[in-house]
Structure formats: structure tokens, C-alpha cells
Amino acid sequence: MNLRRLELFVAVAEELHFNRAAEKLHMAQPPLSQQIRKLEEECRTQLFVRDSRNVRLTSGGELLLRHARTILAQHAVLTSAMRQARDGELGRLRLGFVSSAAIAAVPPVVRQLRLQWPGIELELSEETTDAQINLLSSGALDVGIAREAHPPLGIESTLLRNEPLVVAVSTDHYLAGRKSICLQELKGESFIAFPRGRVSGLFDHISALVRAAGVNFDITQEAVQFPTILGLVAGHLGIAVVPESMRAFAIPGLVYLPLEDESAFSRLSLMYRTDMASSPLVAKARAVCWATLAVAEAP
């Protein structure tokens with residue numbers, strides 16, 4: 001008993017007329033009658049009572065009609081689900097992101113993924129760039145939004161945007177009234193920063209920028225979260241160089257100063273395994289990230 005014969009049987013059972021059913025199915029009536037006879041042979045029971053004027057279902061035909069409709073409906077659902085899975089519209093997408101992307105980058109990406117493909121189950125994980133690289137390599141992560149990424153062979157990294165860096169200072173700092181400053185003007189300042197062992201890429205990037213401007217990167221306090229760093233700045237323990245998106249933290253006693261240096265930006269990138277580049281789920285994540293975050297030309 002195949003699905004095609006069940007489809008033909010349901011059409012005849014609903015029309016109770018072989019010619020009308022054949023027209024509906026865009027086929028000739030004799031082949032339709034032949035298929036119904038074969039189905040009756042398979043079922044070993046008569047499905048229709050036919051005479052010169054009427055066609056009606058037997059009790060066996062009524063039983064088969066109920067089950068045939070259920071089977072065909074389930075098959076349609078299964079076929080649709082398999083197509084969606086094949087096209088990356090169903091499944092689990094494991095998305096990693098650095099904490100500094102949680103405010104401006106992750107929300108629009110998540111919104112668009114859910115809007116366009118509600119069948120995708122999102123598993124979000126806040127991880128450092130180094131941790132994302134390890135998770136991608138082991139297959140525990142599908143894509144990652146990272147900063148200052150320098151992944152090894154086998155991990156792709158594509159630039160999404162160059163986010164400006166700003167300097168956070170307390171409101172009574174002597175630079176607080178300025179509209180913008182240069183890195184050179186930070187000579188003699190004490191910095192609050194991440195521990196290098198936790199956020200090596202961003203730490204090294206900011207350190208290199210500061211030192212290139214002839215400023216000693218003198219760290220007076222370390223913290224692992226941006227809100228903590230900014231709170232310590234507001235508490236007069238030092239200043240901090242942070243991505244511009246951190247302006248979302250409107251902490252009392254704190255102001256943000258744009259940097260005039262052309263090199264004062266942080267690279268936000270999308271990472272994924274090279275051998276997963278053709279995965280439909282990864283492709284959809286890439287497309288949404290480009291549509292919502294990228295300011296450079298897509299590759």
C-alpha cells in the first residue's frame with residue numbers, strides 16, 4: 001500500500017465519482033479505476049460499491065478513509081519538516097558571543113533569526129573569544145561573535161564591523177568636559193582592564209594601541225565584566241578603554257569620550273568552522289549577522 005494509491009483513494013472517496021476524481025487529479029479515469037482495484041486487492045476488501053448511477057463507500061472503505069487522511073496528513077507534516085531541516089529552517093543553532101556583543105549585536109541577530117526562521121532552536125552561550133575558538137574546534141559551538149579574533153587553521157573569521165573605542169572616565173576627571181580626546185592624552189593615567197588571561201585578544205589590542213601612542217598601559221585594577229570595570233571607573237579607581245557599545249551603561253558619575261585616533265577601533269567578527277561553512281544553519285546565521293551587523297562589504 002503506497003501513498004500515491006492512498007491519495008487516489010481519498011480523492012475518489014471525497015468525490016464519490018470516478019470521473020470527477022480523475023479530473024481533480026489531472027489523470028484519465030481508467031488508470032484511476034485500475035489503481036483503486038489494486039488497492040482493494042492489497043486490502044483484501046471491497047472499498048466502494050459501484051453501480052451505473054452511484055459510488056459509495058463500504059464499511060471497509062470508511063475505515064480506510066479515516067486512517068488514510070491521518071497518514072497523508074502526517075506524511076505532509078514529515079515532508080515539510082524534512083525540507084525545513086534540509087534548508088536549515090529547523091534544528092538547533094549554538095551561538096556563542098562575547099559579553100561586549102550582548103548589548104548591541106546579539107539582540108538584533110536573535111530577533112531576526114526568530115522572525116525569519118521560528119523553527120530554529122537557539123542555544124546562546126556567553127564566552128570569551130578564546131573559549132569560542134576552543135568550542136568551535138571541538139564541535140560544541142556552531143557560530144561565534146567575537147572580538148579581535150585570530151583563529152587557527154580550520155576556523156573561519158569574517159569581519160562584521162570596526163567598532164570605535166571610547167574612553168570611560170569619572171565625571172570629575174580633568175578630561176571629562178572634553179568632546180573627544182587622543183590616546184596620547186592618557187599619559188600618566190591608571191587603567192582598569194580585563195585580566196589578560198581571560199580576554200587576551202581585546203587586552204592585547206587595547207594595550208598595543210595605548211603603547212603605540214606612547215602611553216604606558218599602567219593597570220591599577222582588573223575586572224572580568226564590563227559593568228564592573230565601568231563601576232570602578234565611576235569610583236575614581238582609574239580610566240578604561242572600552243567598545244562604543246558600552247555607552248549603553250549609563251552609570252552615574254561616568255562619562256564616555258570618543259577617541260580621535262583612526263586606529264582606535266575594535267574588530268567584531270563572526271567565526272565558524274571551515275568544514276561547516278556549507279551548513280544551512282550556519283549559512284542562515286551568517287546571513288542574519290551580515291544583514292544586521294555588517295558595515296563592511298560581505299565576502
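This passage covers the nonpolar cores, the cysteines and one helix pair of a predicted model. Local features need pLDDT of at least 70 and side-chain atom pairs count only at pLDDT 80 or more, while totals for chains, interfaces and linings use all residues. Residues are numbered from 1 along each chain as its sequence is written, and side-chain values use heavy atoms, with hydrogens and water left out.

The largest nonpolar core (buried Ala, Val, Leu, Ile, Met, Phe, Trp, Tyr and Cys residues joined through side-chain atoms within 4.5 Å) holds 39 residues. Buried here means under 20% relative accessible area, exposed over 50%, and partly exposed in between (1.4 Å probe, protein chains only). V167, L186, F191, V241, V242 and L259 have the most contacts inside this core. Elements giving it two or more residues include β6 (155-170), α7 (200-212) and β10 (254-258); helices (H or I, at least four residues) and strands (E, at least two) are DSSP runs, numbered from the N terminus. Leaving aside residues up to four places away in sequence, L259 touches L165, V166, V167, I181, C182, L183, V241 and A264 (contact: heavy atoms within 4.5 Å). A second, separate core has 27 residues, among them V110, V143, L270 and A294.

As for the cysteines, C182 counts as partly exposed because its relative accessibility is 24%, and C43 is partly exposed at 24% too. Disulfides (cysteine sulfur pairs within 2.5 Å) number zero in the whole structure.

Turning to the helices, P108, V109, Q112, L113 and Q116 of α5 meet K284, A285, V288, C289, T292 and L293 of α9.
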